[in-house]
Amino acid sequence: MEHYGIWGIIPPLLTILLAFITKDVVASLFLGILSGALIISGGNPAVAIMKLTDLLAGSLADGWNIRIFLFCALLGGLVGMLTKTGASGAFGRWASNRLKTKKSSQFMTLIFGAIIFIDDYFNSLSVGTVMRPICDKTNVSRAKLAYILDSTAAPICILAPISSWVVTVISIVRNAQGFDKLDMTELSFFIHAIPFNLYALTTLLMVFCVILFQRDFGPMKSSEEAAQNGQLYNEAKYGPVTGNVPESETTRAKPADMLFPIILLIVSAIIYFPVTTWFSAVDGESITSVIQAAGSMTLGEAFNNTDSSVALCYAIVTTIFLTYIYYLGRRLMSLQESAEALRDGIKSMVPALIILTMAWSIGTIIKSPREDGGLGLGLYLSEVVKNGGFPIGLLPFVLFILSAVISFATGTSWGTFGIMIPIAMPIVTGLAEGSGLSQATLINASMISVSAVLSGAVFGDHASPISDTTILSSTGASCPHLEHVATQMPYAIFVAVCALCGFLAGGLADSLLVCWVVDLVFFAIGLILLPKYIKKAR
């Protein structure tokens, strides 16, 4: 038998239940992995501990995984260097001379949030530091600033092909049972699935419309009206502000000093994506040089067939090296400060790296067949859904709800990715095979289903009061945390309902167009009616 049957459901189920109870996704993932190791070892705790240790070590022994691990760690180091320069303060001073209206300051916050997509933590804190004094001058409430920061953190990071979020997702997708049946690279899959990510894209549309048409409702409307009278936050009702993010004392920085590393990272990655493919194609026989390799394929093929972990690892090392030289040359940091910035930035990524390693480990033990030391849950679920007649069209709807609930309860989307994607992929591929669907339909159904997981996880992370990005957005805006949660929640739930309806209709119709038509119809109706019928909070 290739699997352990119903026993294989225990690790993810236990992980989910513990995440609800403890709100600690690391401990929940650890105990979930341990339960799987106990099943495989026949209940022997000593063998289970050894199995668990081997799983954790093995997840980092994989070439792909360790490069992604390094990319995330070094990305944290780059964020540390950016924070140390005082470039965000220079950005703020530059912008404050040009932004005179409430609407312009909000749009600039949105633009900056879209530009700084490499990391959600850096996004919330740096953009908040830049835009808070400007928004204060134009009477934008701290709650509205926190909402824009939060809405351009996770929703932007999950869409940008170069971010710690995306490399995490594609690494989990790549290792999921059934992905090999799609006959495409993980990066190509992710890029083609971007239009299906309804929640993230609709959230950005919501921010744009709220700013442009001033369609505030509920507690946010109250906060905005109070800000017009000079009360930027309601300390009496929601408590003290969560803290101010101090600007660096460095005054030599210029606005370009903040853009330089970000643009460099993007350009480096774009260059390395095809270059790594060309280098890997050189076999010394039929293809003997990089130039010959470049001529043997189109640029599109080079991008699609790249090993993104290699390209991104090269890009981040190149970016840090050149940024290091650039900042030293600009005298924005000393050698000692540069080392401290790198160390502190990498240290800030440790919680995320632990979650990532745990996610890889539980994904391995869930998906691997019994003969390879795993539970074979994917094979079991595929058999069950093939024989059970579950309608594949309802799968995105169900996956969105489950992912949203898990992410909201735990406050983390990364942990939700690690739990739900290894379950979703084998189910959708098994259903597609059992129904005799074509390869194109299989790919489409997989994209909708995985995007439903991503959308649900991002909603939970976006709305949860215990989410890191929610807390950091409050901090970056210097807004009382409970005010941010109370004012943002109606907006997040509204967008989630629109996305859920889109996934239900689009899943049943197996159509991206239907997804968006239904989503936008509900969005338009809500944007017209909600400000009229949801009264402002007293």
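This is a friendly dialogue about reading a predicted model of one protein chain.

Biologist: I am new to this structure. How much of the chain scores a pLDDT of at least 70?

Modeller: Since the model is predicted, confidence is a good place to start. In general, where pLDDT is low, the predicted coordinates should not be read in detail. Here the chain averages a pLDDT of 83, and 91% of the residues score at least 70.

Biologist: Where in the chain is confidence lowest, and where is it highest?

Modeller: The lowest mean, 66, belongs to helix 21 (residues 377-388), while helix 12 has the highest, at 95.

Biologist: Now the overall build. How many helices and strands does the chain have?

Modeller: There are 27 helices and zero strands. The radius of gyration of the chain is 24 Å, close to the 24 Å that the globule rule gives for 538 residues, so the chain is as compact as a globular protein of that length. Along its principal axes, the C-alpha trace spans about 70 × 60 × 50 Å.

Biologist: What share of the residues counts as buried?

Modeller: Of the 538 residues, 57% count as buried. You can also look at how contacts link parts of the sequence. Among contacts between residues at least 6 apart in sequence, 81% join residues at least 24 apart.

Biologist: Let me turn to the interior. Which residues have the most contacts inside the largest nonpolar core?

Modeller: They are Met131, Met206 and Phe417, in a core of 149 residues. Helix 24 (residues 439-463) gives the largest share of this core, with 13 residues. A second, separate core has six residues, among them Trp278, Ala293, Met297 and Ala302.

Biologist: What does Phe417 touch, not counting residues up to four places away in sequence?

Modeller: Phe417 touches Ile158, Trp165, Val169, Ile172, Pro422, Leu454 and Ala457.

Biologist: Back to helix 12. How does its reach fit what is expected at 1.5 Å a residue?

Modeller: Compare the span from the first C-alpha to the last with the expected one. Helix 12 (residues 198-213) has 16 residues and reaches 21 Å, close to the expected 22 Å. Its buried residues include Leu198, Tyr199, Leu204, Met206, Val207 and Ile211. Met206 is also one of the residues with the most contacts inside the largest nonpolar core. Just after helix 12, Gln214 takes a positive phi of about 55°.

Biologist: How should I read a positive phi?

Modeller: The general idea is that most residues other than glycine have a negative phi. Asn139 is not a glycine, yet its phi is positive, at about 60°. Asn139 sits in the loop between helix 7 and helix 8. Asp183 is another such residue, with a positive phi near 60°, in the loop between helix 10 (164-175) and helix 11 (186-193).

Biologist: Why does Asn139 count as partly exposed, and why does Asp183 count as exposed?

Modeller: It comes down to relative accessibility. Asn139 counts as partly exposed because its value is 28%, and Asp183 counts as exposed because its value is 70%.

Biologist: And the loop between helix 7 and helix 8 also holds Ser141. Why does Ser141 count as buried?

Modeller: Ser141 counts as buried because its relative accessibility is 0%. A polar contact of 2.6 Å joins its side chain to that of Glu224. Leaving aside neighbours within four places in sequence, Ser141 is in contact with Ser223, Glu224, Ala227 and Leu232.

Biologist: Which residues of helix 13 are buried?

Modeller: They are Pro219, Met220, Ser222, Ser223, Glu224 and Ala227. What covers them includes helix 6 (102-115), helix 8, helix 14 (235-238) and helix 26 (481-509). Just after helix 13, Gly230 takes a positive phi of about 95°.

Biologist: What about Asp216: where does it lie, and which side chain does its own side chain join in a polar contact?

Modeller: Asp216 lies in the loop between helix 12 and helix 13 (219-228). Asp216 counts as buried because its relative accessibility is 10%. The side chains of Asp216 and Tyr491 are joined by a polar contact of 2.8 Å. Beyond its neighbours within four places in sequence, Asp216 is in contact with Lys144, Val210, Lys221, Glu224, Tyr491 and Pro531. Glu224 is also in contact with Ser141.

Technical notes
Residues numbered from 1 in each chain as written. Predicted model: local features only at pLDDT ≥ 70, side-chain atom pairs only at ≥ 80, totals over all residues. Heavy atoms only, no water. Helix = DSSP H or I, 4+ residues; strand = E, 2+ residues; numbered from the N terminus. Expected span 1.5 Å × (residues − 1). Buried < 20%, exposed > 50% of the residue type's maximum accessible area, 1.4 Å probe, protein only. Polar contact = N/O pair within 3.5 Å; in protein donor to acceptor, adjacent residues only side chain to side chain. Contact = heavy atoms within 4.5 Å. pLDDT = per-residue confidence, 0-100. Core = buried A, V, L, I, M, F, W, Y, C linked by side-chain atoms within 4.5 Å. Rg over C-alpha atoms; globule rule 2.2 N^0.38 Å.
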